[in-house]
Number of protein chains: 2
Amino acid sequence: MWDVAEELKAMLVFAEHRYYGESLPFGSNSFKDSKHLNFLTSEQALADFAKLIKYLKRTIPGAKNQPVIALGGSYGGMLAAWFRMKYPHIVVGALASSAPIWQFENIVPCGVFMKAVTTDFRKSGPNCSESIHRSWDAISRLAKKGTGLRWLSEALHLCTPLTNSQDVQHLKDWISETWVNLAMVDYPYESNFLQPLPAWPIKVVCQYLKNPSVSDSLLLQNIFQALNVYYNYSGQVRCLNISETATSSLGAQGWSYQACTEMVMPFCSNGIDDMFEPRSWNLKDYSDECFKLWGVRPRPSWITTMYGGKNISSHTNIIFSNGELDPWSGGGVTKNITDTLVAIVIPDGAHHLDLRANNAFDPTSVLLARSLEVRYMKQWIKDFYASLGKKH
Amino acid sequence: MWDVAEELKAMLVFAEHRYYGESLPFGSNSFKDSKHLNFLTSEQALADFAKLIKYLKRTIPGAKNQPVIALGGSYGGMLAAWFRMKYPHIVVGALASSAPIWQFENIVPCGVFMKAVTTDFRKSGPNCSESIHRSWDAISRLAKKGTGLRWLSEALHLCTPLTNSQDVQHLKDWISETWVNLAMVDYPYESNFLQPLPAWPIKVVCQYLKNPSVSDSLLLQNIFQALNVYYNYSGQVRCLNISETATSSLGAQGWSYQACTEMVMPFCSNGIDDMFEPRSWNLKDYSDECFKLWGVRPRPSWITTMYGGKNISSHTNIIFSNGELDPWSGGGVTKNITDTLVAIVIPDGAHHLDLRANNAFDPTSVLLARSLEVRYMKQWIKDFYASLGKKH
């Protein structure tokens, strides 16, 4: 956006989503209970954007008859697409980058996400995904030994030692999420989105995971080296904290509530098509957990009812871009739906790489994607002015 | 709908709007206060329809892959149009009959409505609108006389005698609303929508109002005869009750609240382009009245922000039909916007005449309108099946 704003003579506006950052409708009470959280929905967020844009057009000199384009990545990409669908009178088009608008209900199989993570690791080094696949049982076996928990805690340099089997499950979940996050941020250059990382971090990780046929303890020591790439690229970290997977909160509370109401995304793994332990999607357990956390129960069909699921062909002017390395691409739109609902796939891209700033190490595929995106946007702007002309 | 359902092999579903009829979310407490009324919005009503249609498609044998069309008149027509705009994945098209979607903010002049009422009376008999125009001052002059209030109460056969100047204002408002209602239901045959009425009721009314240049008392006696057409077509009514203008409530409470929140329709009259006393549109007074009634203040721009105002050309498959006799046509869509956002004007039609049952006295214009509507609907259905075919 920063790189093309001048060419498009654009003003950039970053609108903060309600209940995130500083936009807390009830201050420190905003997350107190479901009554205070009741206003946290994607529909309300879209309505905020509609009011904001109308306000800006009314108050900023020269803004009145100018076209507006919605842009976003990830959940922000879903919002951008949905905003164009619901408010086509307010934005002339939307760029929805890495927006998994189909990761709901049973629109895509629940296993596509973990399968995509696995593919990244498989392609990033020999035996890499096999090593991870074997690590789960290795952890279980080690944990069952007399001094296993202590050994594991020390081998993995955990800040807080493991004390029971629940901690072991927590450890596995944390390691899984680390691999997931690495797949999301597998960028071609040093970056710092979820953590400070080297270029192509999975390749770096996989250098430690070349041999799956070693002893359990050696395998876990290798896993530690791999985790260390993600958690300690700076070399300053003295122990690993299994209650965190990213350096800064990306609105974890707000998202947790949204995931427990509207944003119900089914995930699963089977340990065959992917490198994770088998875990089925269980709506009842998910719902019970939501009730425990927030006093609410999810409405898993609502997003499809509201935003159309796969049946969106009557809309226009939305670009869905996805990186093939990004596990979220499995729930994204990766094929053109119509002439004006188009998909751009970036083979060497991770999570919304196209929205990141230009970089000397950008692969050609993302440069092409960006230039195509700009071409579409120029067309929307041109069409907008043409339709304005017709009215006069 | 009843007349064409069989031809279209259609199932008819009448969905009751929340807070109307028996659909009271909090039972008898539903209208208690703004907290209980908070869920009464057009957006929530549309969401109900979306959920209902998905439920019906899931549970009714054979309904699954069938197209759905939204139909409605008046506010129901606005909902039908808005439903197609916001949920194009759920309905293939909408027939919005007499839907004044532009009677908001300053999209149309606030005077169009009363002007249209006046035109109906002007065309329905010589001097008819002039007689009404003169009646307001005549009432004021009579009311100022010593026994004027008593005389007026008797001459108009009021159930409750007038006692002060506030009552006189109330009387004028009630008479005005009567003329407005007559314009809405000026149907070509006997009907019973707001009241039991003869065919072309305004023509009947105007037979009593041919001479505006009579004395004040004679003019008011004539006005009584005219009112009697509307309130006493049966001949059974013994006195006129100025706190009612329709035989049964069409959800007056719910609409009053909606008019005080989202559905803010500016109306005005100037006594020059129309036959009414001048009354300007005053948002502040309106808002204060709303606060007194419901403890809420209106959001006059919201409907335009939400539903696009005049900027709706990106949508498809909506028929806007309007009767030229209907005062609501002033805020309706009476010209084609695109090939698939089309307007049908019925010169001899009053409020949503096209949605009424076939009648031997139907003017040709409404027969043509209906047949055109059915033709569009068949096209939508055909397009729907064609797109289904493409997917397989």
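**Exercise 1.** Is B:Trp200 buried, partly exposed or exposed, and what is its relative accessible area?

*Solution.* This model is predicted. Start with the location. B:Trp200 sits in a loop of chain B, between strand 4 (196-197) and helix 9 (201-206). Next, take the accessible area. The relative value for B:Trp200 is 24%. Buried would need under 20%, and exposed would need over 50%. B:Trp200 is therefore partly exposed.

Now look at the backbone. B:Trp200 is not a glycine, yet its phi is positive, about 40°. For context, most residues other than glycine have a negative phi.

**Exercise 2.** Locate A:Lys9 and classify its accessibility.

*Solution.* Find the loop of chain A between helix 1 (2-5) and helix 2 (34-37); A:Lys9 is there. Its relative accessibility is 78%. The cut-off for exposed is over 50%, so A:Lys9 counts as exposed. Then check phi. For A:Lys9 the angle is near 50°, a positive value in a residue that is not glycine.

**Exercise 3.** Describe how helix 5 and helix 8 of chain A pack.

*Solution.* Mark the two elements: helix 5 covers residues 112-123, and helix 8 covers residues 165-184. Their axes lie 9 Å apart, at an angle of about 75°. Angles of 65 to 115 degrees count as roughly perpendicular, so that is the label for helix 5 and helix 8 of chain A.

Now list the partners. Helix 5 of chain A brings A:Phe113, A:Met114, A:Val117, A:Asp120 and A:Phe121. Helix 8 of chain A answers with A:Trp179, A:Val180, A:Leu182 and A:Ala183. Sort this contact by class: eight residues are nonpolar, none is polar and one is charged.

**Exercise 4.** Do the same for helix 6 and helix 10 of chain A, and add the handedness.

*Solution.* Helix 6 of chain A spans residues 128-144, and helix 10 of chain A spans 216-231. Their axes come within 9 Å and cross at roughly 120°. That angle makes helix 6 of chain A oblique to helix 10 of chain A. The crossing of these two helices is left-handed.

On the helix 6 side of chain A, the contact residues include A:Ser131, A:Ile132, A:Arg134 and A:Ala138. On the helix 10 side of chain A, they include A:Asp216, A:Leu219 and A:Ile223. By class, the contact of helix 6 with helix 10 of chain A has seven nonpolar, three polar and three charged residues.

**Exercise 5.** Report the confidence scores.

*Solution.* Begin with chain A. Its mean pLDDT is 96, and 98% of its residues reach 70 or more. Then take the whole model: ipTM is 0.90 and pTM is 0.93.

Terms used: Residues numbered from 1 in each chain as written. Chains lettered and ligands numbered in written order. Predicted model: local features only at pLDDT ≥ 70, side-chain atom pairs only at ≥ 80, totals over all residues. Heavy atoms only, no water. Axes fitted to C-alpha atoms, helices over the stretch in contact; angles between N-to-C directions. Helix = DSSP H or I, 4+ residues; strand = E, 2+ residues; numbered from the N terminus. Parallel < 35°, antiparallel > 145°, perpendicular 65-115°, else oblique. Left-handed = near helix turned anticlockwise from the far one by under 90°. Contact = heavy atoms within 4.5 Å. Nonpolar A, V, L, I, M, F, W, Y, C, P; charged D, E, K, R; others polar. pLDDT = per-residue confidence, 0-100. Buried < 20%, exposed > 50% of the residue type's maximum accessible area, 1.4 Å probe, protein only.
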